[in-house]
Amino acid sequence: MSLQTPRARLSAPGVLFAVLGAAAMLAPFMTLAANRIVAGDAVPIWAVVPVSQMIPGLAAILAGLALGLPARHVGLRLAGPLVGLAGLLWLLVQGAPALLEGAGDYARVSPAAGFWCLLVIFALLMADAITAMKPGPFQRALLLTAVLGALSVVLGSGALAPLSVMQEFAARRDAFASEATRHLWLAFGSLGMAGLIGFPIGVLSHRKPALRSAILPVLSFLQTIPSLAMFGLMIPLLGWVSATVPGARSMGIAGIGFAPAFVALVLYSLLPVVGNTVAGLAATPPQALNAARGIGMTAAQRLWRVELPIGLPVILTGLRIVLVQNIGLAVIAGLIGGGGFGTFVFQGLNQTATDLILLGALPTVALALTAAIVMDILVDLTRRLPKETP
């Protein structure tokens, strides 16, 4: 989408983000607090660092917003957010130690609303430019690898160590690794279990309409239960199983902890898995099925060699929904002792420590975005297979 002006064609999203970016620069860029709990004092972008250090960062941010304006030069629109993000990083790296100097041993410095708004604006500008470039799956994989590599270099360099959220990470490095592992188990493990249960049900539901009519409404009903209620319902149910079924407790089944969170995530995952399996298998053209029957294929051969390859993009789309959904919902597991990044989120809420909340929320968002992009790439690859197959 573009705006026709007398002299140039401007990108409508670029104009919108430029206006929003200019407004975000008026909001507090960082906060300086006496300790990790009290509310910090707002620091505007022009007061974060001395003028000589501020000019490069401010110029990069303005240039990044300006480069997002031309509609026809997609390369510039992609370079714009990169320049802008470099400016944000410069001010953050230079500003944190400058603000902490002489502020006390317990002082904390954190990014404020202005920084987060500009970060989101540049991320959206980058997404808009990438969408306009229409990259293929391999190009998107390269871009994702480059972004993750750059992020790893920045975090590994220690340049952001003075920030409060990084200090929270340094104090909980071992616990972070443990909770990250548990979060991955909750998200990916429940996806795998839902696939093992849901895929056969989906195949049977595709073959037998009566079964489909009975199963799908039940799974739809499970989706309507609020996440907190679902996690809460698992507590007495699995508590009863743990107390009455021999060997259940030794297997880790208990009213609180990992098990109820895992079961709740599996239940939430069943509808997308079953529904998309049915829809994917139903996408096979009748002519293809007739041809398969004509050459003597059995029902199993038709499933694996005809219906499944054709329906795979739809089935993978369902798995993408499940994975992104579970990465987010696994945060709730922290409320019932299930672990994961939600542990830091709820600890932060209890301690009114915003940076501890961010320590759980930021990796969850990054993991969900990465998973969504990877699954989109897989869906595109499977969609291309029939075209590339002679």
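# Talking through the fold

Modeller: Of the 390 residues in this protein chain, 40% count as buried. Please keep in mind that the model is predicted.

Biologist: Happy to. What makes a residue count as buried?

Modeller: A residue is called buried when its relative accessible area is under 20%, and exposed when that value is over 50%.

Biologist: Let me try that on some residues. Why is S205 called buried?

Modeller: S205 has a relative accessible area of 0%, and the cut-off is under 20%, so S205 is buried. S205 lies in helix 7.

Biologist: Which residues does S205 touch, not counting those up to four places away in sequence?

Modeller: S205 is in contact with L211, R212, I215, V274 and V278.

Biologist: D174 is in helix 7 too. Why does D174 count as exposed?

Modeller: The relative accessibility of D174 is 68%. Exposed means over 50%, so D174 earns the label. As for its place in space, the C-alpha atoms of D174 and G40 are 28 Å apart, with their positions 134 residues apart in sequence.

Biologist: Now the overall picture. How many helices and strands are there?

Modeller: The protein chain has 14 helices and five strands. Its C-alpha atoms fill a box of roughly 75 × 65 × 30 Å along the principal axes.

Biologist: And what does the accessible surface of the protein chain come to?

Modeller: About 19600 Å², and 71% of it belongs to carbon and sulfur atoms.

Biologist: What about the charges of the protein chain: how far apart are their mean positions?

Modeller: There are 22 positive and 12 negative charges, and their mean positions are 18 Å apart.

Biologist: Let's turn to helix 3. How do you know that its end C-alpha atoms are as far apart as they should be?

Modeller: Helix 3 covers residues 74–100, which is 27 residues. At 1.5 Å a residue it should span 39 Å, and its end C-alpha atoms are 40 Å apart, so the two values agree. After the helix comes G102, with a positive phi near 75°.

Biologist: V74 is found in helix 3. What is V74 in contact with, leaving aside its neighbours within four places in sequence?

Modeller: V74 contacts A129, A132 and M133. The C-alpha atoms of V74 and M133 are 6.7 Å apart, although 59 residues separate the two along the chain.

Biologist: How common are such long-range contacts in the protein chain?

Modeller: Take the contacts between residues at least 6 apart in sequence: 74% of them join residues at least 24 apart.

Biologist: Aromatic rings next, please. How many aromatic pairs does a search of the whole structure find?

Modeller: The search finds seven.

Biologist: Why is the pair of F29 and F115 called edge-to-face?

Modeller: The ring centres are 5.7 Å apart, within the 6.5 Å cut-off, so the rings pair. Their planes stand at 85°, which is over 60, so the pair is edge-to-face.

Biologist: What makes this pair one that ties together parts of the chain?

Modeller: F29 sits in the loop between helix 1 (12–24) and strand 3 (30–33), whereas F115 belongs to helix 4 (residues 113–133), so the pair ties together parts 86 residues apart in sequence. F29, at 1% relative accessibility, counts as buried, and F115 is buried at 7%.

Biologist: And what makes the pair of F176 and F341 tilted?

Modeller: The centres lie 5.5 Å apart, with 40° between the planes. That angle is neither under 30 degrees nor over 60, so the pair is tilted. F176 lies in helix 7 (residues 173–207) and F341 in the loop between helix 12 (299–329) and helix 13 (342–351), 165 residues apart.

Biologist: How do you know that F176 is buried?

Modeller: F176 has 16% relative accessibility, and the cut-off is under 20%, so F176 is buried. F341, at 6%, counts as buried as well. These two residues form one aromatic cluster with F169 and F344.

Biologist: One last point: what is the phi of K134?

Modeller: K134 has a positive phi of about 50°, although it is not a glycine. K134 lies in the loop between helix 4 and helix 5 (137–157), and its relative accessibility of 72% is over 50%, so K134 counts as exposed. T352, likewise not a glycine, also has a positive phi of about 50°; T352 is in the loop between helix 13 and helix 14 (354–388).

Key:
Residues are numbered from 1 along each chain as its sequence is written. This is a predicted model: local features need pLDDT of at least 70, side-chain atom pairs count only at pLDDT 80 or more; totals for chains, interfaces and linings use all residues. Side-chain values use heavy atoms; hydrogens and water are left out. Helices (H or I, at least four residues) and strands (E, at least two) are DSSP runs, numbered from the N terminus. The expected span of a helix is 1.5 Å times one less than its number of residues. Rings of Phe, Tyr and Trp (its six-membered ring) pair if their centres lie within 6.5 Å; planes under 30 degrees apart count as stacked, over 60 as edge-to-face and the rest as tilted. Buried means under 20% relative accessible area, exposed over 50%, partly exposed in between (1.4 Å probe, protein chains only). Contact means heavy atoms within 4.5 Å. Accessible areas come from the Shrake-Rupley method with a 1.4 Å probe; for residues, only the protein chains shown count as cover. Lys and Arg count as positive and Asp and Glu as negative; His and the chain ends are not counted. The place of a charge is taken as NZ of Lys, CZ of Arg, CG of Asp or CD of Glu.
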